[in-house]
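Please walk through this structure with me, moving from its sheets to the helices beside them and then to two individual residues.

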Amino acid sequence: MSDPVSIYDAHADAFVARYESVSAEAVHSALLEYVRQDSNLIALDVGAGSGRDAAWLASLGYEVVAAEPATRMRSEAQRRHTDPRIRWVDDRLPDLAIVHRFGVAFDLILLSAVWMHVPPFSRERAFRKLATLLKPGGVILMSLREGPSEPDRPMWPVSTGEVEALARMHGLAVLRAVTSDDQLGRSQVRWTAMCLRLPDDGAGALPVLRGVILNDDKSSTYKLGLLRSIARVADATPALGVPHPEEDVVDVPLGMVALNWLRMYLPLISAALPQMPGNSGPDGLGFAKAGFRELLAYNVVGQDLRIGARFSGDRAVAVARALTEARSTIVKMPVNFTRFPNSEARVFRTTSSTAPRIRGDLTLDRDILAAYGSLSVPGHIWRTLQRLGPWVEPVLVDEWARLVRSYGERMGRFVAPGEVEAALAWLDPARDTLLARLTAQRVLKEGQQITCVWTGAKLDLGSLDIDHCLPWSVWPCGDLWNLLPASPRVNQHLKRDRLPSASALAAARENIIGWWEQAWLPDDALRPRFEREIVAALPVIAGASPEDIFAALEWRRLRLRQDQQVPEWLGVRKVPGESLS
């Protein structure tokens with residue numbers, strides 16, 4: 001049987017004309033009550049075709065991800081429908097691998113005339129992938145084709161019973177199933193429109209996390225340390241998590257988990273705060289072996305342990321040794337003893353490898369951290385930590401502080417109120433824009449022109465600010481890709497701490513890419529740091545083009561908007577004769 005994608009590509013013009021001849025409202029009339037008008041919602045259109053439905057959803061206020069694997073269809077759809085709230089991707093069922101990599105959860109997923117193209121042996125997997133992309137309370141709207149296949153398009157039989165069985169298997173409720181005639185007048189073709197909803201408690205991850213944090217027996221703080229280490233990866237460096245192709249799990253570099261572990265425990269060790277009852281060494285810190293102690297001796301602090309950090313000589317050896325020790329502790333203890341409630345099944349799995357030998361310098365990048373092995377996180381737990389991390393973390397810290405105080409009492413060591421919380425504070429890098437300013441100064445001295453990325457106004461050293469594209473106040477990220485030249489009026493008065501809207505970011509695309517190509521990419525010293533920071537924070541592969549990096553920035557903006565509901569900035573509307581500098 002031929003690949004339907006090649007058929008749609010070969011006859012793209014005819015298919016686009018056919019789809020655009022009928023309105024989205026008419027096609028989906030049976031399900032309109034489940035399509036809300038709300039600018040805070042996100043939709044996924046699978047098999048988006050001509051873009052008709054994606055444009056309709058965008059007109060209702062949705063941010064839309066339109067997945068269409070047929071190149072010519074996708075190009076024509078982009079030409080016809082230019083709303084900046086639509087993000088186009090080359091992706092398809094059963095995997096939707098690209099969409100999954102972006103870590104976005106959807107309020108609505110639409111499959112219009114798609115399911116009959118999914119082979120029956122791939123449908124369980126395809127449905128699981130769709131279900132894991134839904135927000136709790138989100139809906140899947142799908143249409144099932146009944147009638148003979150067309151000779152030029154491969155199709156498989158579909159049935160409402162099959163979909164209902166898949167829905168039950170994955171915890172979705174069937175809200176509606178309505179059969180109607182074909183909108184294009186084909187007498188032998190009928191369609192069944194279905195609406196499926198994921199209940200608000202469908203994720204199932206919060207009870208697991210609550211059980212581990214509050215209910216599990218704990219002879220140390222290790223389980224809390226593991227959960228918080230993973231939560232920090234999910235929040236700050238989510239691009240390091242790679243969805244497994246066959247299971248609903250996300251593989252995270254074990255070295256990154258160990259790095260966050262060190263960042264958390266170093267201040268606790270420095271303050272001699274016990275992390276277990278006093279039967280493990282005189283200070284209850286027997287797990288902190290030579291590598292931990294050497295980091296303190298070499299004045300390595302938590303903020304030094306971040307993606308892109310570079311160490312040399314004895315400091316490099318100490319960091320590598322401490323990472324190896326942390327990995328060993330994590331694998332032997334909390335991974336081994338963190339179980340699902342009322343079960344002996346482990347929540348997390350690890351694969352280990354020989355720790356890298358460090359000779360000379362050590363740069364903490366993706367490859368080095370992955371060399372320590374990987375940790376598999378169940379997909380529903382990973383997604384919950386991504387979306388609800390700001391609510392989960394305070395509970396972790398509170399329980400951690402309670403445990404340490406109880407250990408201190410048993411050891412006769414008084415732990416002052418707030419002492420543990422202060423040591424557990426996650427200190428982000430300082431809000432430092434000096435490097436970007438110095439780089440701008442160099443660019444200007446070379447005779448190049450710098451413009452405000454948001455207005456296009458020409459800037460000089462006296463009229464130049466450095467703006468955090470994704471605002472520091474909601475996501476403290478000082479990565480080079482996030483530092484952009486802007487006029488003081490825009491940075492300090494207009495945009496301030498707001499997130500650029502989809503249209504504002506799209507309008508600044510050429511200016512932002514131009515700045516990257518001016519400032520970071522030509523510089524042999526800064527380009528490696530720029531690339532390391534991108535790979536850790538944005539959903540993009542190493543060696544990506546500036547255009548792909550910008551597309552990944554758009555995805556990160558969408559994630560931040562979804563997860564934290566940050567107020568948006570719509571951009572600058574230029575008034576004739578008005579200066580925007």
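In this predicted model, strand β7 is a convenient place to begin, since the strand is mostly covered, with six of its eight residues buried. The strand spans residues 190-197 and pairs in the antiparallel sense with strand β5, residues 134-146, over eight bridges. Along that pairing, V139 has R197 in β7 as its bridge partner, and L141 stands opposite C195 in β7. The pairing of β7 with β6 is likewise antiparallel and runs over eight bridges, and here S180 stands opposite W191 of β7. In a regular strand the side chains alternate between the two faces of the sheet.

These strands belong to an open sheet of seven strands, whose order is β3-β2-β1-β4-β5-β7-β6 and whose pairing is mixed. At its edges are β3 (86-89) and β6 (173-181), each of which pairs on one side only. From one strand to the next, the twist of this sheet averages 15 degrees.

Two helices lie across strands of the seven-stranded sheet. Helix α7, formed by residues 123-132, lies across β1 (42-46), β4 (106-111), β5 and β7, and runs at about 145 degrees to β5. Helix α8, formed by residues 160-169, lies across β5, β6 and β7, and its direction makes an angle of about 10 degrees with β7.

Within helix α7, one residue can be followed in detail, namely T132. Is T132 buried or exposed? With a relative accessible area of 9%, T132 falls under the 20% cut-off, and T132 is therefore counted as buried. A polar atom of the T132 side chain lies 2.9 Å from the backbone oxygen of K129. When residues up to four places away in sequence are not counted, T132 touches H100, D248, R383 and R387.

A second open sheet has four strands in the order β8-β9-β13-β11, and its pairing is antiparallel. Its edge strands are β8 (242-243) and β11 (349-352), each pairing on one side only. Strand β11 is joined to strand β13, residues 373-378, by four bridges in the antiparallel sense, and across this pairing T351 stands opposite S374 in β13.

The helical packing can be followed from α10, which spans residues 222-236. Helix α10 packs against helix α16, residues 379-411, at an angle of about 145 degrees, with the two axes 9 Å apart, and α10 passes α16 in a left-handed crossing. On the side of α10 the contact is made by L224, G225, L227, R228, I230, A231, R232, V233 and A234, while α16 contributes W382, L385, Q386, E393, L396, V397, E399, W400 and L403. By class, the residues of this contact divide into twelve nonpolar, two polar and four charged.

Helix α10 also packs against helix α11, residues 254-270, here at an angle of about 115 degrees and with the axes 8 Å apart. In this case α10 passes its partner α11 in a right-handed crossing. The residues of α10 that take part are Y222, G225, L226, R228, S229, R232 and V233, and they meet M256, V257, N260, W261, M264 and Y265 in α11. The contact of α10 with α11 comprises eight nonpolar, three polar and two charged residues.

The last stop is T221, which lies in the loop between α9 (205-215) and α10. Why does T221 count as buried? T221 counts as buried because its relative accessibility is 0%, and the cut-off for that class is under 20%. Which residues does T221 contact, once its neighbours within four places in sequence are left aside? They are Y265, Q275, W400, L403, V404 and Y407. With Q275 the contact includes a polar one, in which the two side chains approach to 2.8 Å. With L403 the separation in sequence is 182 residues, yet the C-alpha atoms of T221 and L403 are 7.2 Å apart in space. Two of these partners, W400 and L403, also take part on the α16 side in the contact of α10 with α16, and Y265, another partner of T221, is among the α11 residues that meet α10.

Conventions:
Residues numbered from 1 in each chain as written. Predicted model: local features only at pLDDT ≥ 70, side-chain atom pairs only at ≥ 80, totals over all residues. Heavy atoms only, no water. Buried < 20%, exposed > 50% of the residue type's maximum accessible area, 1.4 Å probe, protein only. Contact = heavy atoms within 4.5 Å. Polar contact = N/O pair within 3.5 Å; in protein donor to acceptor, adjacent residues only side chain to side chain. Pairing = 2+ DSSP bridges. Axes fitted to C-alpha atoms, helices over the stretch in contact; angles between N-to-C directions. Left-handed = near helix turned anticlockwise from the far one by under 90°. Nonpolar A, V, L, I, M, F, W, Y, C, P; charged D, E, K, R; others polar.
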